[in-house]
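Biologist: Can you walk me through this model? I'd like plain answers I can take back to the bench.

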Amino acid sequence: YPHEFSGGQRQRIGIARAHGLNPRLIVAGEPVSALDVSIQAQIVNLLRDLQKEMSLTYVFIAHDLSVDEHISNPVAVMYLGRIVELASSLDLYRNPRHPYTVSLLSAIPSHDPDSKKTRIVLKGDVPNPAQPPTGCRFHPRCFMAQAICASEEPPLRQIAPGHCSACHFAEQVDRAAAGGHAAPAAAAGRTASDA
């Protein structure tokens, strides 16, 4: 009976059912979210093996960027239903160009106990998705927000080959990601602490 299977066994059964019709595309919504870390790794490895064996594409939807890194390429980061960053997995993890991505990456636990990584804790509540804020949807919680962010929605634009960001200050995010979290030089009378 279904209740007699473990979480990992149920995930494997779901994966087998999804692959049973030899699809070209599988949309996998949070396929490893309810599993412990060791089982997550097994399921991710299984998905990768099946992907190579069957030459198929996954749309892998997850909230855990540490899992996405191992299976997704490219990676799209969304906030309130809008893509805010799109890049290859390698580039996104090494060189994030949106403050929300920087915040998400800072939340991934480090395996190195001597790591000096700074966790970025976002202020405020997530806005109502049915009534998103004007301008950039992330600006009420953004540590880099400036006046323009509240009034103009930034387009998703290419800032490097194959790397797109929807941030007015995408070119300056790397300095903020390094730990300074300073307001962009283009700021006019508003500091990062006001964001």
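Biologist: How much area does the protein expose?

Modeller: This is a predicted model, where local features need pLDDT of at least 70 and side-chain atom pairs count only at pLDDT 80 or more, while totals for chains, interfaces and linings use all residues. Residues are numbered from 1 along each chain as its sequence is written, and side-chain values use heavy atoms, with hydrogens and water left out. Going by Shrake-Rupley accessible areas with a 1.4 Å probe, where only the protein chains shown count as cover for residues, carbon and sulfur atoms supply 54% of the exposed area. The total is about 11600 Å².

Biologist: Why is helix α5 largely enclosed by the rest of the structure?

Modeller: Helices here are DSSP runs of H or I with at least four residues, strands are E runs of at least two, and both are numbered from the N terminus. Buried means under 20% relative accessible area (1.4 Å probe, protein chains only). Helix α5 spans residues 99–106, and it is largely enclosed because the buried ones number 7 of the 8. They are Pro99, Tyr100, Thr101, Val102, Ser103, Leu105 and Ser106.

Biologist: What share of the 195 residues in the protein is buried?

Modeller: That count covers a protein with 7 helices and 6 strands. Buried residues make up 36%.

Biologist: Among contacts between residues at least 6 apart in sequence, what share joins residues at least 24 apart?

Modeller: A contact means heavy atoms within 4.5 Å. For the protein, the share is 50%.

Key
Buried means under 20% relative accessible area, exposed over 50%, partly exposed in between (1.4 Å probe, protein chains only).
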